[in-house]
Amino acid sequence: MEEFYRGFAQRARDLAEKADPFTRRRLLDLAKRYDLKINGSSYARIPPPRATPPTALFSGSGEA
């Protein structure tokens with residue numbers, strides 16, 4: 001199982017090398033999560049990545 005997570009972490013890092021900055025950050029965070037699984041740390045302690053950038057939440061006309 002450890003080799004499985006190690007392979008996924010490496011794949012995420014490889015993809016991050018060619019990705020745009022936003023995607024790169026998400027892929028590197030994913031690789032860190034796999035590393036934590038390998039090292040026996042709890043996956044649940046890390047909050048899930050934000051699906052929407054914070055600035056997108058507040059951009060708009062201001063009307064509800």
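**Salt bridges, rings and a core**

Reader: OK, this is a predicted model, so which side chain meets Glu-3 in a salt bridge?

Author: The model is indeed predicted. Start in helix H1, where Glu-3 and its partner are three residues apart, about one helical turn. Glu-3 itself is exposed, with a relative accessible area of 57%. The bridge spans 4.0 Å, N to O, and the partner is Arg-6.

Reader: And which residues are linked in a network of salt bridges?

Author: Arg-6 also meets Glu-2 in a salt bridge, at 3.0 Å, N to O. Those two are four residues apart in helix H1, so about one helical turn separates them. Put that beside the Glu-3 bridge to Arg-6, and the network is Glu-2, Glu-3 and Arg-6.

Reader: How many residues apart in sequence are the parts that Asp-35 and Arg-13 tie together?

Author: The side chains of Asp-35 and Arg-13 meet in a salt bridge at 2.2 Å, N to O. Asp-35 lies in helix H2 and Arg-13 in helix H1, so the pair ties together parts whose separation in sequence is 22 residues.

Reader: Is Asp-35 buried, partly exposed or exposed?

Author: Buried would need under 20% relative accessible area, and exposed over 50%. Asp-35 comes out at 24%, so the label is partly exposed.

Reader: Moving to the rings: are Phe-4 and Phe-8 stacked, edge-to-face or tilted?

Author: The count comes to four aromatic pairs. For Phe-4 and Phe-8, the centres are 4.6 Å apart and the planes sit at 40 degrees. Stacked needs under 30 degrees and edge-to-face over 60, so this pair is tilted.

Reader: Which residue lies over the face of Phe-8?

Author: Phe-8 is partly exposed, with a relative accessible area of 30%. The residue over its face is 5.0 Å from the ring centre, and it's Arg-11.

Reader: Which residues do ring pairs link into a cluster?

Author: Phe-4 and Phe-8 are four residues apart in helix H1, about one helical turn. Ring pairs join them with two tyrosines, so the cluster, by the ring-pair rule, is Phe-4, Tyr-5, Phe-8 and Tyr-34.

Reader: Last one: which elements give two or more residues to the largest nonpolar core?

Author: That core has nine residues, among them Tyr-5, Ala-9, Ala-31 and Tyr-34. Leaving aside neighbours within four places in sequence, Ala-9 is in contact with Ala-31, Tyr-34 and Asp-35. As for the core of nine residues, the elements giving two or more are helix H1 (2-17) and helix H2 (21-38).

Methods:
Residues numbered from 1 in each chain as written. Predicted model: local features only at pLDDT ≥ 70, side-chain atom pairs only at ≥ 80, totals over all residues. Heavy atoms only, no water. Core = buried A, V, L, I, M, F, W, Y, C linked by side-chain atoms within 4.5 Å. Buried < 20%, exposed > 50% of the residue type's maximum accessible area, 1.4 Å probe, protein only. Contact = heavy atoms within 4.5 Å. Phe/Tyr/Trp six-rings, centres within 6.5 Å; stacked < 30°, edge-to-face > 60°. Lys NZ or Arg CZ within 6 Å of the ring centre and 35° of its normal.
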